[in-house]
Amino acid sequence: MTRTFFVGGNWKMNGSQAFCESMVQTFSGQATDNVEVVVGAPSVYIPYLAQNLRKDWAVAAQNCHQLDSGAYTGELSAEMLLDVGAKWVILGHSERRAIFKESDELIAQKTKKALSKGLKVVFCCGELLEEREAGQTQQVVNRQLNAIVQTISPEDWQNVVIAYEPVWAIGTGKVATPEQAQEVHAEIRNYLTTNVSEAVSANTRIIYGGSVNPENCAEIGKKTDVDGFLVGGASLKPSFVTICNATA
Ligand code: PEP
C-alpha cells in the first residue's frame, strides 16, 4: 500500500485577510507533486481560502465542537466548517490540550463528530519533555490513541491522519531527530496493528510535527514510517512549498 505523503500547515492564531491573499498568490502554480497539502487556517479565513486557494490543496479548521448545534457561545460545529469549505480539522493539538484543557475523551468525541459529518481529521498526539525523560513516551501516546480507538469505527480510519507531535519540539526549534521520529511512528503503527487492524496500520498516514523547516524536512521525511509533516511556524512562509516537496 502506498501512503500519499501528507503535509499540513497549522497557521494557529496568525494571519489576516491581506496575508491570506498574499499566500494564495505565493502558492499558486508552484509544483507540489505526489503530496496531499492541507492548510489549517483560522476559521474566519476558511471561506476565502476555500474559494481562492489552489484547488489541489485543501483547507482545515483548527478545532470544532463535539455537538451539532446549541447554546455554546463562540463555538463552531463540524457542519458549519464543512459548509464554508473546510475539508479537514486538526484535533487534539497540544495547545488545545494544555491551554484549553481538552481531555483525551473530549478530543475523541470531537473526532467522532467531525468524521460522522464528513470532515477528515488530523489527530495530534505526543508527549511532554518530562514524560519523554521519564521513559513514558509510548505510554502517553498510546493513552491518547486509546481514546479515539475506542470511540471511532475501523472504517473511520481512512479519514484520519495521525500527527505525532512531541510537545517539547513544538515551536521550540528543537526538532526530534529522524531516528526519534521513526521510533515513535513505528510504535504507533504497531499499536494500530494490535488495537485496530493490519490494514488500518498499513494504510494510515503518520506524520511528524515539531519545528519542521525547509532545512530539516528531507532527512525526517526519508524515514519509513514518516508519511508527512504537520508544520506550524514554517507554514507561514513561502518556503512552506519546499517542505511540501520534501520527498519529491
Ligand atoms: C504545530 O503547531 O503543530 C507545530 C508543529 O508547530 P512548529 O512547526 O512551529 O513547531
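Where is the place of N34? I kept this question for the second entry and began with the model as a whole.

**Entry 1: the model.** I noted that the structure is a predicted model. The protein averages a pLDDT of 97, and 100% of its residues score at least 70. For the complex, I recorded an ipTM of 0.98 and a pTM of 0.98 from the predictor. I also kept in mind that coordinates should not be read in detail where pLDDT is low.

**Entry 2: N34 and K101.** I found N34 in the loop between α1 (17–27) and β2 (35–40). N34 is not a glycine, yet its phi is positive, at about 55°. I then asked whether N34 is buried or exposed. It counts as exposed because 10 other C-beta atoms lie within 10 Å, and the limit for exposed is 12 or fewer.

I looked up K101 next. K101 has a positive phi of about 55° and is not a glycine. Its place is the loop between α4 (94–99) and α5 (104–117). K101 has 8 C-beta neighbours inside 10 Å, and therefore it counts as exposed.

**Entry 3: the barrel.** I traced the strands and found a closed barrel of eight, in the order β1-β2-β3-β4-β5-β6-β7-β8, with parallel pairing. On average, neighbouring strands of this sheet are turned by 25° against each other, direction ignored. I saw that α5 packs on the sheet and touches β4 (88–91) and β5 (120–125). The direction of α5 makes about 175° with that of β4. As a reminder, I wrote down that strands of a sheet pair through backbone hydrogen bonds, either parallel or antiparallel.

**Entry 4: strand β8.** Which strands did I find joined to β8 by bridges? Strand β1 (residues 5–10) runs parallel to β8 and is joined to it by four bridges. Within this pair, V7 stands opposite F229. Strand β7 (residues 206–209) also runs parallel to β8, with two bridges between them. Here G209 has L230 as its bridge partner.

I then checked which way the residues of β8 (residues 228–231) point. G228 and L230 point one way, whereas F229 and V231 point the other way. All four of these residues are buried. I set beside this the rule that side chains in a regular strand alternate between the two faces of the sheet.

**Entry 5: the ligand.** How many residues surround the ligand? I recorded 13, and the closest are I170, G171, G209, G232 and G233. One of these, G209, is also the bridge partner of L230 in β8. I sorted the shell by character and obtained five nonpolar residues, seven polar and one charged.

**Entry 6: G85.** I located G85 in the loop between α3 (78–83) and β4. Why does G85 count as partly exposed? G85 has 17 C-beta neighbours inside 10 Å, and partly exposed lies between the limits of 12 or fewer and 20 or more. Leaving out residues up to four places away in sequence, I listed its contacts as I46, P47, A50, Q51 and V59. Finally, I looked up G85 and K222, which are 137 residues apart in sequence. From C-alpha to C-alpha, G85 and K222 are 32 Å apart in space.

Methods: Residues are numbered from 1 along each chain as its sequence is written. This is a predicted model: local features need pLDDT of at least 70, side-chain atom pairs count only at pLDDT 80 or more; totals for chains, interfaces and linings use all residues. A residue is near a molecule or strand if its C-beta atom, placed from the backbone, lies within 6 Å of it. Ala, Val, Leu, Ile, Met, Phe, Trp, Tyr, Cys and Pro count as nonpolar, Asp, Glu, Lys and Arg as charged, and the others, Gly among them, as polar. Two strands pair if DSSP finds at least two bridges between them. pLDDT is the predictor's confidence in each residue, from 0 to 100. Axes are lines fitted to C-alpha atoms, for helices over the stretch in contact, and angles run from 0 to 180 degrees between N-to-C directions. Two residues are in contact if their C-beta atoms, placed from the backbone, lie within 7 Å.
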